[in-house]
Amino acid sequence: MDNAQIWREKARQSAAGEASDLKLPSGMVIKARRPGPSMLAGFGMLPMSLAVSKEEQAEMTGEQVAAFAEFLRDLLVYCVVEPAISLRPEAGQIHPRDIPNGDTNFILAWAMRGSEAARLDTFRPQSGNGKHRDGRARVSRKAVKSARN
């Protein structure tokens, strides 16, 4: 066994230790692990960067859409420990296309802490009439010096 195989086996053992039961909308119960911020950063994403408004989605380029789709697929493969997800499934594994959409969406929302992010919606600015949309116009640009300066 070479070093790469040994490392992969250690990673599988670690994944099994991190995984817990996750009941999906279809009724299926899988073993899944939730990635931490450092793992998402390794994918080039952070939980808060995944909250994309409808306007931002409309402005995404084809390359950005493809990269985001690839990230979601890789995240699904990372999260689901048992049964393992593979693009080339062997016995006991499943291909992403064989997972019901509702289950896929549930796993991804769970992995990206969708319920926690939804609670932050009240802090996001309302679009209103477009004026002061980003809040910058309401903030004084003049520096305020404290008495100690």
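User: Helices here are DSSP runs of H or I with at least four residues, numbered from the N terminus. With that in mind, why are R12 and E9 said to be separated by about one helical turn?

Analyst: Happy to start there, with the reminder that this is a predicted model. Helix α1 covers residues 3–18, and R12 and E9 sit 3 residues apart in it, so about one helical turn separates them.

User: What makes R12 and E9 a salt bridge?

Analyst: The test asks for a side-chain nitrogen of Lys or Arg within 4 Å of a carboxyl oxygen of Asp or Glu. For R12 and E9 the N to O distance is 3.2 Å, so the pair meets the 4 Å limit. As for its surroundings, E9 is partly exposed, because its relative accessible area of 33% falls between the 20% and 50% limits.

User: How do you know that R33 and E18 also form a salt bridge, and how far apart are N and O?

Analyst: Their side chains meet at 3.7 Å, N to O, which means that this pair, too, is within 4 Å. R33 is in the loop between β2 (29–32) and α2, while E18 belongs to helix α1, so the bridge ties together parts 15 residues apart in sequence.

User: Is R33 buried or exposed, and what makes it so?

Analyst: R33 has a relative accessible area of 14%, and buried means under 20%, so R33 is buried. Its partner E18 stands at 42% and is therefore partly exposed. R33 also lies over the face of Y78, at 3.7 Å from the ring centre.

User: How many salt bridges does the structure hold?

Analyst: There are 4. Another one of them joins R73 and D74, with the closest N and O atoms 3.2 Å apart. R73 is partly exposed at 31%, and D74 is partly exposed at 25%.

User: D103 is buried, so what keeps it off that list, and where is the nearest side chain of opposite charge?

Analyst: The nearest such side chain is K23, 11 Å away, so the 4 Å limit is not met. D103 lies in helix α5 (residues 101–111). Leaving aside residues up to four places away in sequence, D103 touches L24, P25 and S26.

User: Why is the pair of F68 and F71 called tilted?

Analyst: A pair of aromatic rings is described by the distance of the centres and the angle of the planes. A search of the whole structure finds 1 aromatic pair. The ring centres of F68 and F71 are 6.0 Å apart and the planes stand at 35 degrees. Centres must lie within 6.5 Å, stacked needs under 30 degrees and edge-to-face over 60, so tilted is the term that remains. Both residues lie in helix α4 (residues 62–79), 3 residues apart. F68 is partly exposed at 23%, whereas F71 is buried at 5%.

User: What makes L40 count as buried?

Analyst: L40 has 0% relative accessibility, and the limit for buried is under 20%, so the label follows. L40 belongs to helix α2 (residues 37–42). M112 is 72 residues from L40 in sequence, yet their C-alpha atoms are 8.8 Å apart. Across the protein chain, 21% of the 149 residues count as buried.

Methods: Residues are numbered from 1 along each chain as its sequence is written. This is a predicted model: local features need pLDDT of at least 70, side-chain atom pairs count only at pLDDT 80 or more; totals for chains, interfaces and linings use all residues. Side-chain values use heavy atoms; hydrogens and water are left out. Helices (H or I, at least four residues) and strands (E, at least two) are DSSP runs, numbered from the N terminus. Buried means under 20% relative accessible area, exposed over 50%, partly exposed in between (1.4 Å probe, protein chains only). Lys and Arg count as positive and Asp and Glu as negative; His and the chain ends are not counted. Contact means heavy atoms within 4.5 Å. A charge sits over a ring if NZ of Lys or CZ of Arg is within 6 Å of the ring centre and within 35 degrees of the ring normal.
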